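Hi everyone, thanks for coming. I'd like to walk you through one model today, so please have a look at the screen.

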Amino acid sequence: MRLGLKLFLGFFLIVGIAAFFVMRIFVNEVKPGVRQAMESTLVDAANVLATMAAADLRAGRIGSGDFAAALAQAQRRNPQAMVWRFPKRSIDYRITVTDARGIVVYDSRGQDVGRDNSRWNDVYRTLRGEYGARSSPEVPGDESHTVMHVAAPVYDPDDGRSLIGVLTLSQPNRTIDPFIAASQRAIIQRGAWLIGLSALIGIVMTWWLMRGIGRLNRYAQAVSAGAPVPPPEPRRDEIGDLGRALETMRRKLEGKAYVEQYVQSLTHEMKSPLAAIRGAAELLQEPLPEAERLRFARNIEQQGRRLTETIDQLLRLAEVEQHGWLQRRDPVELGALCRQLADTAAPQLQAAGLQLQLAQPPGEAWVSGDAWLLRQALSNLLDNAIAFSPADGVIALALQRQDEAWQITVGDSGPGIPDYALARVFERFYSLARPHSGQRSSGLGLPFVAEVARLHGGEVRLRNRAEGGAQATLSLPAG
C-alpha cells in the first residue's frame, strides 16, 4: 500500500471513528434528554394544576366545578402552533385526580372514574410523600407507544398540609417523537457532513504531504540516476529541511566527484602540450640555427595558447555543468542574437576569406533562457564552421520555426565529419584536426553547446550535409 493511501486512511479512520462514536452518543442521548425535559415540564404543570384543583376536590365538586369546566374548555382549544416545523393543533394533556385513597374521582377524558389507582407508581409514591412518576403503554400490551405520568399532591387549601388527593398529568411520548427523530436526523446529517469534510481535509492534507514527498522522491531518483536537476522547492517544514539536507549532501558528494573527474581530465589533456613545451625548451638550450630557434619558440607559444584555451573552456563548461539548471531565465530574441553574432564574427570571417549568409523569418523569435550562454553556444558553433571551411567558402546561419521550437542551423562547406567521429563529437576533449593547420582544439566547445541546449530544454545535433560540409542544429523550445 502506498504511503499516501496509508496517510489518508489513517487520518480518515481516526476522524471517522471519533465522529461516529460522538454521533452515536448524541443520537442515543437525544431521546432520554427530550423526555427528561418533558418530564420536568410536566412536574411544573402538575403542581400548578394540583393547586388549582384543591378547592373543588375538598368541596366534592371536582368533576363539575370550575376546575373541570376550565379544563374542558382548554381541551377544545386549537393552539394553531408551529413548533420547529411541526404543527400542533390540539392539547395533549390528560388529567386524572384521585382522592386520598387513590380512587379516581376525575378524568379529563371521562374513562377511568372510580378506578383504584392506588397501586400505580405515580399515585402510590405521592400518597406516601414522595415524587411519583411512571411510564406505561398507551395501549395495554403495546410497548412501542408509551405515556408519561407525573403526579403532584393535592393539599387541603385551608391548612396547606393535609393531603386530600393526587393529581396526575399525562402526556403520550409519541407527541415528542417527531422532535426526537428530527434531532437525530439533524445530528446524523451534520455528522455525515463532518465525516465528508474530514475526508476532504484528509485528501487535501495527504495530497499536500505527498506532493512534497513525491518531489523529494523524484529528486532523489534523478540524483541517483546522475541526472542534473534543480533542488526541491523551498518549504518551511520538515519536508523542506529534508530537501535542503539532500541538496547539500548532493552538492558535497558531486563536488568531490566533479573535482576528481576534472583534475584527471585536465591532467590528461595537459600532458601532451607540456611534453611539447618541455621538448622544445630542451632543444632551445642547445645552439640552433635562427630558423629552428624561431620554430621551436612558436611551438612553445602555440602549446601555451592551447593550454590556456583548454583551461578557459574547461572552466566555462564546469560552470554550467556544476549548476545543473539555469540560474536565470529571461526573454531572449534569437533573431537579434544571430544578427549580433554575425556582426561580431565579421572581422574573423573577412580574415579567413569566408562569406556568411544569414537567413531568418520575418517577425521575432522569442525563447526563455540565458542570453549569455546562448550567445556563447552559437559562437562556438560558428567558430567550428569557420575553422573547418576552406577559403572562399560559404557559412549558412539560419533561424526557422519547427513545430513548437526554434531551430538555429550553422552549416559550413568543409570536408564534413568522418563517419567514425560522428558518434564522438560531443565527448569531452574529443576533437578533429583542422584542415588548414592540422591542429586540434580543446575538444570542449561542442560539449559546452550540448550542456547549454540541455539547460534550455533543447538539443543540439551535428550531421553531414548532402551537398558537402557539416551542419549543426540547435533546437530551443519557443518561449
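At the start of helix α7, a side-chain oxygen of Glu333 comes to within 3.0 Å of the backbone nitrogen of Gly335. A polar contact here is a pair of N or O atoms within 3.5 Å; within protein, one must be able to donate a hydrogen and the other to accept it, and residues adjacent in sequence count only if both atoms are side-chain atoms. Before I go on: this is a predicted model, where local features need pLDDT of at least 70 and side-chain atom pairs count only at pLDDT 80 or more, while totals for chains, interfaces and linings use all residues. Residues are numbered from 1 along each chain as its sequence is written, and side-chain values use heavy atoms, with hydrogens and water left out.

Helices (H or I, at least four residues) and strands (E, at least two) are DSSP runs, numbered from the N terminus. What span should the 19 residues of α7 (334-352) have? At 1.5 Å a residue, 27 Å is expected, and the end C-alpha atoms are 26 Å apart, which agrees. The expected span is 1.5 Å times one less than the number of residues.

Where is the kink in α7? Look at Ala346, shortly before the proline Pro347: the kink there is about 50°, taken as the angle between axes fitted to the seven residues ending there and the seven starting there. Among the buried residues of α7 are Leu337, Leu341 and Leu349; buried means under 20% relative accessible area, exposed over 50%, partly exposed in between, with a 1.4 Å probe and protein chains only. After α7 comes Gly353, with a positive phi near 70°.

Now to a sheet. Five strands form an open, antiparallel sheet in the order β4-β3-β7-β6-β5, and strands pair if DSSP finds at least two bridges between them. At the edges are β4 (104-107) and β5 (133-139), each pairing on one side only. Six antiparallel bridges link β5 with β6 (142-155), and Arg134 has His149 in β6 as its bridge partner.

His149 brings us to Ser170, which sits in β7 (163-172). Is Ser170 buried or exposed? Its relative accessibility is 5%, so Ser170 counts as buried. The side chains of Ser170 and His149 share a polar contact of 2.6 Å. Leaving aside neighbours within four places in sequence, Ser170 is in contact (heavy atoms within 4.5 Å) with residues including Asp92, Tyr93 and Arg94. Happy to chat about any of this!
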